[in-house]
Amino acid sequence: MRAIVLVGGFGTRLRPLTMTRPKQMLPVLDRPMIEWVIERLVDAGVEEVVLSLGYLPDAFRQAYPDQKCAGAALRYAVESSPLDTAGAIRFAAAEAGLGADNEPFLVVNGDVIADLDLPALLALHRDAGAEATIALTRVEDPSRYGVVPIDDAGRVEAFIEKPAPEAAPSHWINAGAYVLEPTVVDRIPPDRRVSIERETFPQLVAARSLFARQDDAYWIDAGTPATYLQVQLDLLSRVSGMQANHVAATAAVAPTATVARSVVMDGAHVAPQAFVAGSVLLPGAEVCKGARVVSSIVGAGARIGTGADLDELCVVGDGVTVPDDLVLRARRLPDED
Ligand code: GDD
Ligand code: MG
């Protein structure tokens, strides 16, 4: 089985961390986000992954020079300008010869970490004779996602990308994992930006050939500060219980420091009497004496000055120094969370 993983977006919601690396190369606990995504595809029987790249493609090439990642063979399809999700799929399929064998293939968003039942998705796709089949997950606020009402047979009745909060007809949303027949690729106009969510899926709804499967498994889109933090705390508590930390072997935490439910990556340093809770410290980050870092993300090599106090989802850029005793609270608009 082959899969396309979409990783070409700019990751704007995770700036400034994504100014220097693509979102999917941000570390999640001990390895880049992309490896968590590909690992799950491999578990479902995927052997070859085509990375659909645009923004900062060299980050992937450098990280996986032998073109192997998490047990899959890698191919790279690099767009010269962003083609949006469907344009990217058409381009990647052509580059890698996907669909030439008339077999369906998988497509996933590269920022979704989930335990979706992909074999069951493939089975529904086959049984329904679908042209495309979407995995769905249930969320509280569907307005930030593609909302997908279905009938009893699983046929998609509408695909509404990012509706106004009151307008969403369902809490079941596009989980960012699809099975596509090669005929879907033929429907995508070449050489321009095309959104699968706004153009291709509505077209398939009209053709009555789009199906979807509701899945209750763990699911998160790690593409915002809140969810990039949350996914790591979720994985942490799953591996080692609610109060556990993930402290890399090369990190240093002073005996008089407190670190709770947090991730301390390679070479990061927490000084005496510092307090770190519900937070992620990227590689080489430094929390100085008596500083307090709560529910926040500290970039690689950043330095939180003595006595500084960060809370409420601060995101500190790589290499930034937060002055001593400064108090910072992030104020975000709802769609920025
Ligand atoms: N190659 C390429 N080219 N990749 C792209 C491009 C592009 O022009 N634009 C976006 N991507 C990639 C991103 O890197 C990401 O992995 C994926 O496509 C989805 O883009 P996001 O920017 O993360 O979209 P979203 O989270 O707002 O919404 C999408 O995901 C939701 C689920 O998490 C949509 O598919 C929604 O319908 C869906 O509910
Ligand atoms: Mg996303």
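Asn174 touches Ile134, Ala135, Leu136, Gly146, Val148, Phe159, Glu197 and Trp219, leaving aside residues up to four places away in sequence, where contact means heavy atoms within 4.5 Å. The model is predicted, so local features need pLDDT of at least 70 and side-chain atom pairs count only at pLDDT 80 or more, while totals for chains, interfaces and linings use all residues. Residues are numbered from 1 along each chain as its sequence is written, chains are lettered from A and ligands numbered from 1 in the order in which they are written, and side-chain values use heavy atoms, without hydrogens and water.

Asn174 belongs to strand E12 (residues 172-180); strands are DSSP runs of E with at least two residues, numbered from the N terminus. Because its relative accessibility is 8%, Asn174 counts as buried (under 20% relative accessible area, 1.4 Å probe, protein chains only). Its side chain makes a polar contact with the side chain of Tyr178 at 3.0 Å (a pair of N or O atoms within 3.5 Å, one able to donate a hydrogen and the other to accept it, with residues adjacent in sequence counting only if both atoms are side-chain atoms).

Asn174 is also among the closest of the 29 residues that surround ligand 1, together with Leu6, Glu161, Glu197 and Asp221 (a heavy atom within 4 Å).

| Partner of a ligand 1 oxygen atom | Distance |
|---|---|
| Gly9, polar backbone atom | 2.9 Å |
| Gly110, polar backbone atom | 3.1 Å |
| Asp111, side-chain N or O atom | 2.8 Å |

The magnesium ion (ligand 2) is coordinated by Asp111 (OD) and Asp221 (OD) at 2.1 to 2.3 Å, donors being N, O and S atoms within 2.8 Å of the metal (3.2 Å for Na, K and Ca), with water not among the atoms, so sites may look incomplete. Since Asp111 lies in the loop between strand E7 (105-109) and strand E8 (112-114) and Asp221 in strand E14 (residues 219-221), the pair ties together parts that are 110 residues apart in sequence. Both Asp111 and Asp221 are buried.

Technical notes:
Helices (H or I, at least four residues) and strands (E, at least two) are DSSP runs, numbered from the N terminus. Buried means under 20% relative accessible area, exposed over 50%, partly exposed in between (1.4 Å probe, protein chains only).
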